[in-house]
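The exercises that follow ask you to read a structure step by step, with the sequence and the coordinates side by side. Please try each task before you turn to its solution.

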Amino acid sequence: MVVRNRFEAIDWMLFGGGGIVAALVLPIHIIATNVLPAFTFAPTIFTQYQLTAAKVGEPLIKLYLILVLSLSTWHATHRVRFILFDLGLVKHRGIVTQASMVTLGAIIIFLIIALV
Amino acid sequence: MEPQRKRKQFEPPSLWWLGHRQYLAYTLRELSSFFIILYVLLFSISMFQLKLGEASYQAYERLLTSPPFIVLSILILAFSVYHSITWFKVTPTALPPIRVNGGKMPGWVLVAVQVYLWPLISYVLYVWIYAR
């Protein structure tokens, strides 16, 4: 019970932190990496291999991206898990929780492998 | 001692979220998180392609700039912005109260601070990471 409460406290802390981070920084990342490259006039380095590789190779940027994207994913999987409960999957609470944790872990591990 | 009876788990009626405009707005707000997960996944794939070399990265970039992916990217951006706006609005109730000089900071101040910080942080990040 104590362990569960401790986990819930950490979960809520990361959920809140991830919410702030995702709200403040994700839109500009999406614009720079996914939306602007579609337009040839876009002044973003993301379309150029050499510049992107050099920039992403900087340790501080790697660390920043891993932290920000992991926290955002934590926040997002938490919310998706609870909306799935609300949409009627509450009777499969255990399976949904396990699936969301596996998804969260897999995405963070893949992100770290891709960046490090 | 009377044995404890197991409480029945509340099950909402199916399609309850279509019953009222506010329920639908709530469901969309929560589902906006799905697009955040999708973005992190797409970004991780792009970084993995970058690791594989120039040819792989350029191939992925070509895919990203194809019409279906442009539509998907705009959808991801729209839901992310919706997530940001709705999150700013709920922070006064979602976060513990912030005390300044012994008094509780009003909720609207917290919302205003985030709304003002949002473009500033976005500009700084763009210049730091993405600008040519």
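**Exercise 1. Classify B:Ile121 as buried, partly exposed or exposed, and describe its surroundings.**

Solution. Begin with the count: B:Ile121 has 14 C-beta neighbours inside 10 Å and therefore counts as partly exposed, since a residue is buried if 20 or more other C-beta atoms (placed from the backbone) lie within 10 Å of its own, exposed if 12 or fewer, and partly exposed in between. Next, place the residue: B:Ile121 lies in helix α4 of chain B, residues 107-130, where helices (H or I, at least four residues) and strands (E, at least two) are DSSP runs numbered from the N terminus. Then look across to the partner chain: leaving aside neighbours within four places in sequence, B:Ile121 is in contact with A:Leu24 and A:Val25, contact being defined by C-beta atoms, placed from the backbone, that lie within 7 Å. Finally, B:Ala131 is 10 residues away from B:Ile121 in sequence, and their C-alpha atoms are 14 Å apart.

Before going further, note that this is a predicted model, in which local features need pLDDT of at least 70 and side-chain atom pairs count only at pLDDT 80 or more, whereas totals for chains, interfaces and linings use all residues. Residues are numbered from 1 along each chain as its sequence is written, while chains are lettered from A and ligands numbered from 1 in the order in which they are written.

**Exercise 2. Carry out the corresponding analysis for B:Tyr26: in which helix does it lie, and how far is it from B:Ala131?**

Solution. B:Tyr26 is found in helix α1 of chain B. The count of other C-beta atoms within 10 Å is 15, so B:Tyr26 is partly exposed. Its C-alpha atom is separated by 36 Å from that of B:Ala131, which is 105 residues away along the chain.

**Exercise 3. Describe the side of chain A that touches chain B: how many residues take part, and which element gives the most?**

Solution. First take the totals: 46 residues of chain A are in contact with 53 residues of chain B. The elements of chain A that give two or more residues to this side are α1 (2-35), α2 (49-56), α3 (59-86) and α4 (93-115), and α1(A) gives the most, with 15 residues. Sorted by class, this side of chain A has 31 nonpolar, 11 polar and four charged residues; here Ala, Val, Leu, Ile, Met, Phe, Trp, Tyr, Cys and Pro count as nonpolar, Asp, Glu, Lys and Arg as charged, and the others, Gly among them, as polar. For the complex, the predictor gives an ipTM of 0.91 and a pTM of 0.88.

**Exercise 4. Find the largest nonpolar core and say which elements build it.**

Solution. A nonpolar core is a set of buried Ala, Val, Leu, Ile, Met, Phe, Trp, Tyr and Cys residues joined through C-beta atoms within 7 Å. The largest one has 37 residues, and those with the most contacts inside it include A:Leu26, A:Leu111, B:Ile36 and B:Tyr39. Elements giving two or more residues to this core are α1, α3 and α4 of chain A together with α1 (21-52), α3 (67-94) and α4 of chain B, and the largest share, 10 residues, comes from α1(A). As a worked example, A:Leu26 touches A:Ser72, B:Ile36, B:Tyr39 and B:Ser80, not counting residues up to four places away in sequence. In soluble globular proteins, nonpolar side chains tend to be buried together.

**Exercise 5. Set out the overall form of each chain, using the order of the elements, the radius of gyration and the buried share.**

Solution. Chain A has four helices and zero strands, whereas chain B has four helices and two strands, running α-α-α-β-β-α from the N terminus. The radius of gyration, taken over C-alpha atoms, can be set against a globule rule of 2.2 Å times the number of residues to the power 0.38. Chain A has 17 Å, where a compact globule of 116 residues would be near 13 Å; chain B has 22 Å, where a compact globule of 132 residues would be near 14 Å. As for burial, 35% of the 116 residues of chain A count as buried, and in chain B buried residues make up 20% of 132.

Conventions:
Two residues are in contact if their C-beta atoms, placed from the backbone, lie within 7 Å.
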